Amino acid sequence: GQEVLEFEVSPPGRSGALGNNIVELSGNIARGQFQRTVPFEVQIPSRQKTLAGRYTARLEVSLYSDASSVGELADRQYMELVVDVLPRIDASFGTDPVAHQKSQTLDFGTLRQGQKSSLDFSVTANTGYSIKMVSDNRGVLRHEFTQSSIDYDVFLDGNVVSLEGSPPNDVLLSAVTNSHHRMDLLITGNTETGLAGHYSDRLTLVISAD
């Protein structure tokens, strides 16, 4: 596509500059010798943000003779540069995708029908990715000692999520690069008739590269 990855060509140990993409290396062959090795470095500057995939470029290496004032072309060779950028995905609860906040607890306190609580999570990626969600109790809050339960709904970016399947089969969201998402949890069950005690469920977000 249109994504690019910048690189520099420079003498060994010296960082080059992109400039006009022409780097000149001068030297000579001593009397009595037939060849000389002229090293150079190809460097890829760090902190470039680009999509995962294979990037290619071609370097033209031209040898000029300085015997004349003009400099005559003696030889020309080409070399291919190939770089693979690996997929990477980082996700975290909150607004910073690299904050490494991998878990979050929502405490509703005393349960009441119609209660709502929300949280955010963010994703940064250099490839397309999909989001799935799985519930340990298949979409209900389970009593700590019995099989009694209270229903609740989950909304991801305003869309209701089905948590009945395990493992999850439905892709909830597909995106590319950076994104920010909101999860809303709504208590829908009748809390007036539920057994006293502690109710809980655990949700797991599954984020994978496409």
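**Figure 1. Surroundings of L106 in the loop between β5 (89–93) and β6 (116–125)**. The close-up is taken from a predicted model. L106 is partly exposed, its relative accessible area being 26%; this value falls between the 20% limit for buried residues and the 50% limit for exposed ones. Leaving aside residues up to four places away in sequence, L106 is in contact with S117, S118, L119 and L185. R138 lies 32 residues from L106 along the chain, and the C-alpha atoms of L106 and R138 are separated by 17 Å.

**Figure 2. The aromatic pair of the structure, of which there is 1**. F93 and F121 form this pair in an edge-to-face arrangement, with 6.4 Å from centre to centre and 70° between the planes. The pair links distant parts of the chain, since F93 belongs to strand β5 and F121 to strand β6, with their positions 28 residues apart in sequence. The angle of 70° qualifies as edge-to-face because that class requires planes over 60 degrees apart.

**Figure 3. Burial of the two rings, F93 and F121**. F93 has a relative accessible area of 18% and is therefore buried, the limit being under 20%. F121 has a relative accessibility of 2% and so also counts as buried. Across the protein chain, 26% of the 210 residues count as buried.

**Figure 4. The strands of the protein chain, 14 in number, with 0 helices**. From the N terminus onwards, the succession of elements is β-β-β-β-β-β-β-β-β-β-β-β-β-β. Among contacts between residues at least 6 apart in sequence, 74% join residues that are at least 24 apart. One link between distant parts of the chain is the pair of F93 in strand β5 and F121 in strand β6.

**Figure 5. Dimensions, surface and charge of the protein chain**. Along the principal axes, the C-alpha atoms fill a box of roughly 100 × 25 × 25 Å. The radius of gyration is 30 Å, whereas a compact globule of 210 residues would have a value near 17 Å. The accessible surface amounts to about 14,800 Å², and carbon and sulfur atoms contribute 47% of that area. The side chains include 17 positive and 26 negative ones, and the centres of these two sets are 4 Å apart.

Technical notes: Residues are numbered from 1 along each chain as its sequence is written. This is a predicted model: local features need pLDDT of at least 70, side-chain atom pairs count only at pLDDT 80 or more; totals for chains, interfaces and linings use all residues. Side-chain values use heavy atoms; hydrogens and water are left out. Helices (H or I, at least four residues) and strands (E, at least two) are DSSP runs, numbered from the N terminus. The radius of gyration is taken over C-alpha atoms; the globule rule is 2.2 Å times the number of residues to the power 0.38. Buried means under 20% relative accessible area, exposed over 50%, partly exposed in between (1.4 Å probe, protein chains only). Contact means heavy atoms within 4.5 Å. Accessible areas come from the Shrake-Rupley method with a 1.4 Å probe; for residues, only the protein chains shown count as cover. Lys and Arg count as positive and Asp and Glu as negative; His and the chain ends are not counted. The place of a charge is taken as NZ of Lys, CZ of Arg, CG of Asp or CD of Glu. Rings of Phe, Tyr and Trp (its six-membered ring) pair if their centres lie within 6.5 Å; planes under 30 degrees apart count as stacked, over 60 as edge-to-face and the rest as tilted.
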